[in-house]
Amino acid sequence: MPLDEASKGTGPMSTGLGTITGGAGLPDWNPELDDVLVCRQVRQETADVKTFVFSARKPCLFRFKPGQFLTLELSIGGETIHRSYTISSSAARPYRLSITVKRVPGGPVSNWLHDTLKPGDEIRAVGPMGDFTLPETGAASTKYLFLSGGSGITPSMSMTRTLADLGEDTDIVFIHAARSPSDVIFRHELDLMARHAQRLRVAHTCEALTGEPGWPGFTGRVSLAMLQLMAPDLMERTVYVCGPSPFMAAVRSMLEGAGFDMARYNQESFNFEELGLDAQPSAPEAAPAEAAPVPEAAAPVAAATFKVAFAKTGKTIDCSADTTILDAARRSGVRLPASCARGLCGTCKSKKVSGEVTMKHAGGIRQREIDQGQILLCCSKPTSDLVIDR
Ligand SMILES: Cc1cc2nc3c(=O)[nH]c(=O)nc-3n(C[C@H](O)[C@H](O)[C@H](O)COP(=O)(O)OP(=O)(O)OC[C@H]3O[C@@H](n4cnc5c(N)ncnc54)[C@H](O)[C@@H]3O)c2cc1C
Ligand code: FES
């Protein structure tokens, strides 16, 4: 789209940061009507990280809150696979959106994207979705600590880019952990943004200094001392953490140990499996509920149990009417693709060949997919015997 078109128009856009105007009356991208994204550019960020820039087929605006993700639907080796990727671009630049993908050894989707996707290619996607986003009110005036490890940098990068684009001069301490200096994603852009924004402070920490002995940043893992050095007012900040599960677990226990108010702690995992089925990635931790006394007379009524057969693998499991298919499969040692385990990301979407379920999803499936017999295994419970095309 011509650049002058981008500067015309007045359509308002809600990003969670107030109203952004512009857009020449362009429609919003609506994946319900056309879910095709066209790859416009591929950028090599580091040796194993690439950014893919997309537009829709017809000019439109991408409205999203920084921190939200898309779920790609790809056909690889004759199979349909879903994977989620956080939008790494700025919500204040709505004509394009980008995702930034780290190559995972042996992973089907990240390697396919790296090796195959090129400008001009088309893929399908749904979203944006997710609630790992900036506060609904006072987003620009909140003081932040963004902590990320590896490819977990993408949500905080989108947040920082958006706030910088809006000229908010928000108080941000941005700390990123990488294996080595050459693995630091967006290093030069972050440095540049920090030069222009008075209250953005950026620090990287690397486990090894391979290739850059004069590295000016920290070395080693993120520590409380490092956080206190970068942010002496740590306790007043709102924290967003995203990275590998051990990284997030370490940060969490560090902050809990320091007496941080966990109501201002937000985390997103790219690998929900490791967190367990009940993980709620961006919800604040709830206090453990006290055990309610069990009335003596209330003998539990056993829920009906149904057979769930997986057509491709030939495996069959038992699943009770009060258990999700994903949960029952995991207990039986059957591996199924899943990420959020709460009906949001679409990774577990599967075709139901026969049988009935009740499904309580959170936006990870479209009505027309439901009409075609698709279900989300993580939030569907059987009400009859089932055959699933997996
Ligand atoms: C909400 C959400 C947002 C995400 N955003 C991003 C993003 O912005 N950038 C990105 O690169 N990935 C992101 N991911 C991860 C992404 O969806 C895929 O899981 C990842 O690209 C691997 O897919 P795969 O098919 O290649 O390998 P898979 O078969 O999915 O995974 C292979 C193995 O690698 C592990 N693994 C998965 N992701 C990673 C990772 N990022 N680093 C190290 N090990 C991993 C898995 O646990 C598994 O053991 C996100 C995931 C979720 C749920
Ligand atoms: S695992 Fe995310 S929708 Fe099922």
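Contact, here also "touch" or "cover", means heavy atoms within 4.5 Å. This is a predicted model, in which local features need pLDDT of at least 70 and side-chain atom pairs count only at pLDDT 80 or more, while totals for chains, interfaces and linings use all residues. Residues are numbered from 1 along each chain as its sequence is written, chains are lettered from A and ligands numbered from 1 in the order in which they are written, and side-chain values use heavy atoms, with hydrogens and water left out.

**View 1. Overall fold of the predicted protein, with eight helices and 21 strands.** Helices (H or I, at least four residues) and strands (E, at least two) are DSSP runs, numbered from the N terminus. The protein has 390 residues, and 50% of them count as buried. Buried means under 20% relative accessible area, exposed over 50%, and partly exposed in between (1.4 Å probe, protein chains only). Among contacts between residues at least 6 apart in sequence, 65% join residues at least 24 apart.

**View 2. Helix α2 and the strands that cover its buried residues.** Helix α2 spans residues 108–116. Buried residues in this helix are Val109, Ser110, Asn111, Leu113 and His114. An α-helix has 3.6 residues a turn, so residues three or four places apart point the same way. The cover over the buried residues of α2 includes four strands: β4 (49–56), β5 (69–76), β6 (79–86) and β7. Strand β7, which runs over residues 97–102, also supplies at least two residues of the lining of the second largest pocket.

**View 3. The second largest pocket, with a volume of about 310 Å³.** Of the 14 residues that line this pocket, Arg43, Ser89, Ser90, Arg93 and Arg161 are the closest to its centre. On a 1 Å grid over the protein atoms alone, a pocket is an open set of points where a 1.4 Å probe fits, with protein on both sides within 12 Å along at least five of seven lines; lining residues have an atom within 4 Å of a point. Grid points are joined across faces, edges and corners, and the volume is the space filled by probe spheres set on the points. At least two lining residues come from each of β7 (97–102), α3 (153–165) and α4 (187–196). Helix α3 gives the largest share of the lining, three residues.

**View 4. The cis peptide bond between Gly127 and Pro128.** The omega angle of this bond is about -10°. Pro128 belongs to strand β8, residues 122–129.

**View 5. Two residues other than glycine with positive phi, Asp169 and Ala341.** Asp169 has a phi of about 45° and sits in the loop between α3 and β10 (172–178). With a relative accessibility of 27%, Asp169 is partly exposed. Ala341 has a phi of about 60°; this residue is in the loop between α7 (325–331) and β17 (349–354). Ala341 counts as buried because its relative accessibility is 16%.

**View 6. Asp28 in the loop between β2 and β3.** Strand β2 covers residues 19–20 and strand β3 residues 36–46. Asp28 has a relative accessible area of 37%, so this residue is partly exposed. Leaving out residues up to four places away in sequence, Asp28 touches Cys60, Leu61 and Arg63. Asp28 and Ala56 are 28 residues apart in sequence, with their C-alpha atoms 9.9 Å apart in space.

**View 7. Gln198 in the loop between α4 and β11.** Strand β11 covers residues 200–206. Gln198 is exposed, with a relative accessible area of 72%. From Gln198 to Asp171 the sequence separation is 27 residues, and the C-alpha to C-alpha distance is 8.3 Å.

**View 8. Leu209 in the loop between β11 and β12.** Strand β12 covers residues 218–219. Leu209 is partly exposed at 30% relative accessibility. Its contacts, not counting residues up to four places away in sequence, are Pro181, Trp215 and Thr219. Leu209 and Ser182 are 27 residues apart along the chain, and 8.9 Å separates their C-alpha atoms.

**View 9. Cys319 and Cys348 in a structure with zero disulfides.** A disulfide is counted when a pair of cysteine sulfur atoms lies within 2.5 Å. Cys319 is buried, with a relative accessible area of 0%. Cys348 is also buried, at 4% relative accessibility.
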